[in-house]
Amino acid sequence: MTDGLKVGTGLQQGDGLTPNLFDTALEYVIRQLSVQTTSTVFHRSMQLIGYADDINIMGRTKRAISEVYGELKETAKEVGLIINVDKTKAVVQNRRLGKGGTLTVEDHKVEVVRRFKYLGTVINDSNDEMEEIRTRILAANKAYSSLQTIFRSKQIHRNNKIRLYKTLTKPILCYGNVTWTLTQTAERVLNTSERKILRRIYG
């Protein structure tokens, strides 16, 4: 073992070592919490989900969320991590609590929003997936439009066009679809969108 080394400066943004060090620190923080990460919100009053530097605290009561938030904040301080309150948002999925305003958690006032984007997916307070599905369809149409020269070309075989569609366009349409609870209306909208693109490819 060598003598201790005092670090005076941090890594620059974009440094290849940054995500590894950050993930190591955050993993330690989450393991110290009393939250059971293997259970679901149906069996526990709160649940914590983390991906990179995005932390999502879900709870059935304000008290449960406040406890986890406080515990997370204090444990993170031990390794030099600070929660950015300005970037922290809350969504309340309860008709009785009204819309908008602020939610006081610990000593912080967190803005309550009706919708926000988490890991590229739109989440709203009504738990309605149609907004996310329409966003996905719009993104898929943009991807298709950028490749129209290829899809309209008579020099490219139809099978290759379908392969390109399945590889470059359909994944954009279906991003995050494992979390959707599809209604008949949503299925019809998705099928209509796909048929529209396939009709253009098949001419």
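Let's start with confidence, element by element: strand β1 has the lowest mean pLDDT of the protein's elements, at 76, while helix α5, residues 158–173, has the highest, at 92. This is a predicted model, after all. Over the protein, the mean pLDDT is 83, and 92% of the residues reach 70 or more. One thing to keep in mind as you look around: where pLDDT is low, the predicted coordinates should not be read in detail.

Since β1 has come up, let's go there. Strand β1 covers residues 46–51, and six bridges join it to β2, residues 54–59, with the two strands running antiparallel. If you'd like one pair to find on the screen, take Gln47, whose bridge partner in β2 is Met58. The two strands make a hairpin with two residues between them, and in that turn Ala52 has a positive phi of about 55°.

Now for a second hairpin. Here β4, residues 102–105, is joined by four bridges to β5, residues 108–112, and again we have an antiparallel pair. Two residues sit between these strands, and Glu106 takes a positive phi near 55°. For the pairs, Leu103 has Val110 as its bridge partner in β5, and Val105 has His108.

Which residues of β4 are on its covered face, and which on its uncovered one? Leu103 and Val105 make up the covered face, whereas Thr102 and Thr104 are on the uncovered one.

Let's widen the view a little. β4 and β5 belong to an open sheet of three strands, in the order β3-β5-β4, with mixed pairing. β3, at 89–90, and β4 are the edge strands with a single partner each, so each of them has one side without a neighbour in the sheet.

What lies across β4 and β5? That's helix α2, which runs at about 60° to β4. Helix α2 spans residues 62–78, and Ser66 is one of its residues. Is Ser66 buried or exposed? Its relative accessibility is 18%, and the cut-off for buried is under 20%, so Ser66 counts as buried. Setting aside neighbours within four places in sequence, Ser66 is in contact with Val105 and Glu106. We have met both of those already: Val105 on the covered face of β4, and Glu106 in the hairpin of β4 and β5.

On to the helices, and back to α5. This helix has a kink of about 35°, centred on Lys166. Its buried residues include Lys161, Ile162, Tyr165, Thr169 and Leu173. What do the buried residues of α5 pack against? They pack against three helices: α3 at 130–146, α4 at 148–152, and α6.

Helix α6 runs over residues 184–202, and it contains another serine to look at, Ser193. Ser193 has a relative accessible area of 7%, so this residue is buried too. Leaving out neighbours within four places in sequence, its contacts are Ile137 and Asn141. As a general reminder, an α-helix has 3.6 residues a turn, so residues three or four places apart point the same way.

My last stop is the aromatic pair, and the structure holds one. Why does it count as stacked? The ring centres of Tyr144 and Phe151 are 5.0 Å apart and their planes are at 20°, so the pair is stacked. Both Tyr144 and Phe151 are buried.

Methods: Residues numbered from 1 in each chain as written. Predicted model: local features only at pLDDT ≥ 70, side-chain atom pairs only at ≥ 80, totals over all residues. Heavy atoms only, no water. Phe/Tyr/Trp six-rings, centres within 6.5 Å; stacked < 30°, edge-to-face > 60°. Buried < 20%, exposed > 50% of the residue type's maximum accessible area, 1.4 Å probe, protein only. Pairing = 2+ DSSP bridges. pLDDT = per-residue confidence, 0-100. Contact = heavy atoms within 4.5 Å. Bend = angle between axes of the 7 residues up to and from the residue. Axes fitted to C-alpha atoms, helices over the stretch in contact; angles between N-to-C directions.
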